[in-house]
Amino acid sequence: YLYSQLGENGKIIYEKLYENKENLKTGTYTIQFGNAFYDILSQENGSDKLQEEYQTAIEAFTYDNPDVFYLSPNKLYLNIETTKTSKGNTYNVYINSGNESNYLIDEFSSSSQVNSALSEINQIKDELVSKKTGNTYEDIKMVHDYIVENTEYDTSISKPNIYNMYGALVNKDAVCEGYARAFKYIMDNMNIPCVLAIGQGTNSNGQTENHAWNYVCLDSGWYAIDCTWDDPIVNGPGYISQSSKYKYFLKGSGSFNKDHTPSGQFTPNGKVFNYPDLNLNDYNGN
């Protein structure tokens, strides 16, 4: 969904990253572009312009593809080498880990570790996909319920993988971004259109904080789902009431946007991505 909003050069970068998902698991593989960006680099401030498109492409790639949870975007670097010749400049562009030992998140250090983690994730994913009924509403509800019932919200903000789907699905501990990435991954594998959204959420105590949730397509309309806030923290013995469990399930903009404000901007000064236009009203049929 975000890929479609990239410029020509951003799409080239995204596509090359996508083609090399398997190689990226090593954390050390170099993505080569050669002289592919000659046109933009020949312009004034071309290097800065390409770096901007690179940053936007990385954001689109990592938010479109929750299965690359093992990558640390902050450790990925776009390198531009310029060779001056009598016929003009040529450029060699590539992505690597710069001065870092690798570009994997701290929890992983090799492709074997990444593959082991993916195997654990996909065991859960395959089990859920095998239960797919073909009734899109029921399938969305099944995945929502699984994540709400099996994942605990992490309040320590110190456990490993809490921002990704491994934390949500395997470790069963995550923050909102982990919930949202896990939900999107399962939806993607059920061929149900789904987008990960970020912005601000104002909780029941009136506190506004950075937050992540999902938009999902059902019956040709888009609706919001917030698995995190459908999984409130229960202190002591207790259970989640049905009204709490589905308070943010398949909501339209009229109700959802009262306490959710999407930003579409993943990094300061970064591109503002567009999200699907939500139906005004909540989903009311199945």
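**Figure 1. The largest cavity of this predicted model has a volume of about 30 Å³.** The model comes from prediction, and a search of the whole structure turns up 1 cavity of 30 Å³ or more. Take a look around its walls: the lining is made of Y1, L2, Y63, D64, K184, C194, V195 and L196. Two elements, α4 (46–64) and β6 (194–202), each bring at least two residues to this lining. Strand β6 gives the largest share, with 3 residues. By character, the lining residues fall into 6 nonpolar and 2 charged, with no polar ones.

**Figure 2. I140 and L250 sit within the largest nonpolar core.** This core holds 87 residues, and I140 and L250 are the members that touch the most others. Helix α8 (residues 176–189) makes the biggest contribution to the core, supplying 8 residues. Now let us zoom in on L250. Setting aside neighbours within four places in sequence, L250 is in contact with Y137, I140, V216, L218, Y223, A224, I225, D282 and Y283. I140 therefore appears in the contact list of L250, under the cut-off of heavy atoms within 4.5 Å.

**Figure 3. K251 occupies the loop between α9 (242–245) and α10 (253–256).** Is this lysine buried or exposed? K251 counts as buried, because its relative accessibility is 17% and the limit for that label is under 20%. Its surroundings are worth a friendly tour: leaving out residues up to four places away in sequence, K251 touches Y223, A224, Y246, F256, L278 and D282. Among these partners, Y223, A224 and D282 also touch L250.

**Figure 4. Two cysteines, C176 and C217, are shown without a disulfide partner.** How many disulfides does the structure hold? The count is 0. Why is C176 unpaired? The closest cysteine sulfur, in C227, is 11 Å from the sulfur of C176, so the two are too far apart for a bond. C176 is also buried, at a relative accessible area of 11%. C217 is likewise in no disulfide, and the nearest cysteine sulfur, that of C194, lies 10 Å away. For comparison, a disulfide needs the sulfur atoms to be within 2.5 Å. With a relative accessibility of 18%, C217 counts as buried. Readers may recognise C194 from the first view, where this cysteine is one of the residues lining the largest cavity.

**Figure 5. I105 and D106 share the loop between β3 (88–96) and α5 (111–130).** Which of the two is buried, and which is exposed? I105 counts as buried at 14% relative accessibility, whereas D106 is exposed, with a relative accessible area of 71%. I105 has company from elsewhere in the chain: apart from neighbours within four places in sequence, I105 is in contact with F69, Y70, L71, S72, N161 and N164. The C-alpha atoms of I105 and P73 are separated by 8.7 Å, although these residues are 32 apart along the chain. For D106, the view includes Y70, which lies 36 residues away along the chain, with 8.7 Å between the two C-alpha atoms. Y70 thus links the two parts of this view, being a contact of I105 and the other end of the D106 distance.

Conventions. Residues are numbered from 1 along each chain as its sequence is written. This is a predicted model: local features need pLDDT of at least 70, side-chain atom pairs count only at pLDDT 80 or more; totals for chains, interfaces and linings use all residues. Side-chain values use heavy atoms; hydrogens and water are left out. A nonpolar core is a set of buried Ala, Val, Leu, Ile, Met, Phe, Trp, Tyr and Cys residues joined through side-chain atoms within 4.5 Å. Buried means under 20% relative accessible area, exposed over 50%, partly exposed in between (1.4 Å probe, protein chains only). Helices (H or I, at least four residues) and strands (E, at least two) are DSSP runs, numbered from the N terminus. On a 1 Å grid over the protein atoms alone, a cavity is a set of points where a 1.4 Å probe fits but cannot get out, and a pocket is an open set with protein on both sides within 12 Å along at least five of seven lines; lining residues have an atom within 4 Å of a point. Grid points are joined across faces, edges and corners, and a volume is the space filled by probe spheres set on the points. Ala, Val, Leu, Ile, Met, Phe, Trp, Tyr, Cys and Pro count as nonpolar, Asp, Glu, Lys and Arg as charged, and the others, Gly among them, as polar.
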